[in-house]
Amino acid sequence: MTVTLADVAARARVSPATVSRVLNGNYPVAASTRERVLRAVDDLDYVLNGPASSLAAATSDLVGILVNDIADPFFGIMAGAAQTQIGGPGDGSGRAGGEKLAVICNTGGSPERELTYLTLLQRQRAAAVVLTGGAVEYPEHQAAMAAKLAKMADAGTRIVFCGRPPLPEGDALVAALAFDNRGGGRRLTEHLISLGHRRIGYVAGPPERTTTRHRLEGHREALRGAGLDADAGDEERLTVHGPYDRRSGYEATLEILRRDPTVTAVVAANDTVALGACAAVRDQGLRIPQDISVAGFDDLPFSVDAVPALTTVRLPLFEAGARAGRLAMGKENPPPGGIATIAAELMIRGSTAPPRVG
């Protein structure tokens, strides 16, 4: 059943005129009253509608791009690429020739903030939403996301995932472009094993993230394939979780070396984490790759300029972001079944080498 402005007014115990003033922002309203109205709007999932609302009339030109951290090149590259396809002229519709306004929403990795931004975009009648990067795997959050995206899709918003697997339930998506994180993680560790490494530490990302789980699963598949998982609990002992940042890479690598000084290689959750791992190795008086090999993931722009250049897994971030933008704008047909797996490419550089003998 459609929620009306009168329903919101009744829930907030104010007049419909007061609700209208709060939502339009064109008349002073007491802070406590405003908070009560906005809480009612959230509780009832109310969305502005009707031609009488100038806000609703303007919002078909809005596209939201959700990122964990725009300062992280992983997200910045995808968001920038998506925007190249969103900001330009479309099919001639709209007041200015079909251009759209792309708004970057920085969630900070917070599930609550992710849902808040989607609610705000829903109220603004966003034409499309692109969600980038790995998803949080909490069942409650996934259920809330599926419900929210379904409502947005029913209202005409085009939903695209970029670098993110589809939700376990819900078919509201135009498309999900998922990176082959598992396959990339497996090939990276297989490369280290082929060089002769047998004691390999792993600096993982946050355990609740799909990206973390898939990359770690690929790593452990490679270990099992080589028969290196015989020591019960060894995989867990040589794995340390943390945020996707340099500090985490530094601290986790020190912990791995403390747990097992015989480690000859460290795989990092991404290239930024790998930089921290490299710093930790050097601060222990060890050389890369002569004493310890270090590898990353993503092939961010700085990885080739590291000293030595970083062995990593290349994800086509710009290409994926641009494709997501085209899908969001209806410029490209969705892949079969709405899901596309984007291949990852192993980039072998100077930070990995056979382990030192003796």
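Angles under 35 degrees count as roughly parallel, over 145 as roughly antiparallel, 65 to 115 as roughly perpendicular, and the rest as oblique. That angle runs from 0 to 180 degrees between N-to-C directions, and the axes are lines fitted to C-alpha atoms, for helices over the stretch in contact.

What you have here is a predicted model, where local features need pLDDT of at least 70, side-chain atom pairs count only at pLDDT 80 or more, and totals for chains, interfaces and linings use all residues. Residues are numbered from 1 along each chain as its sequence is written, and side-chain values use heavy atoms, with hydrogens and water left out. Helices (H or I, at least four residues) and strands (E, at least two) are DSSP runs numbered from the N terminus.

Let's start with α6, residues 111-123. Its 13 residues should span 18 Å at 1.5 Å a residue (1.5 Å times one less than the number of residues), and its end C-alpha atoms are 19 Å apart, which agrees. Just after α6, Arg125 takes a positive phi of about 55 degrees.

Which residues of α6 are buried (under 20% relative accessible area, with exposed over 50% and partly exposed in between, using a 1.4 Å probe and protein chains only)? They are Pro111, Glu114, Leu118, Thr119, Leu121, Gln122 and Arg123. These buried residues pack (heavy atoms within 4.5 Å) against α3 (31-44), β1 (62-67), β2 (101-106), β3 (128-132) and α7 (139-154).

Now for two helix pairs, side by side:

| Pair | Axis distance | Angle |
|---|---|---|
| α6 and α7 | within 11 Å | roughly 10 degrees |
| α5 (73-86) and α13 (317-329) | 7 Å | about 40 degrees |

The second pair is therefore oblique, and α5 passes α13 in a right-handed crossing (the near helix is turned clockwise from the far one by less than a right angle; anticlockwise would be left-handed). On the α5 side, Phe74, Ile77, Met78, Ala81, Ala82, Gln85 and Ile86 meet Leu317, Phe318, Gly321, Ala322, Gly325, Arg326 and Met329 of α13. That contact has 10 nonpolar, 3 polar and 1 charged residues (Ala, Val, Leu, Ile, Met, Phe, Trp, Tyr, Cys and Pro are nonpolar, Asp, Glu, Lys and Arg charged, and the others, Gly among them, polar).

The α6 and α7 pair, by its angle, is roughly parallel. Residues of α6 in this contact include Leu115 and Leu118, and those of α7 include Ala144 and Lys148. Here the split is 8 nonpolar, 3 polar and 3 charged.

Finally, a look at Thr33, which sits in helix α3. Thr33 is buried, at 16% relative accessible area, and touches Val14 and Thr18, leaving aside residues up to four places away in sequence.
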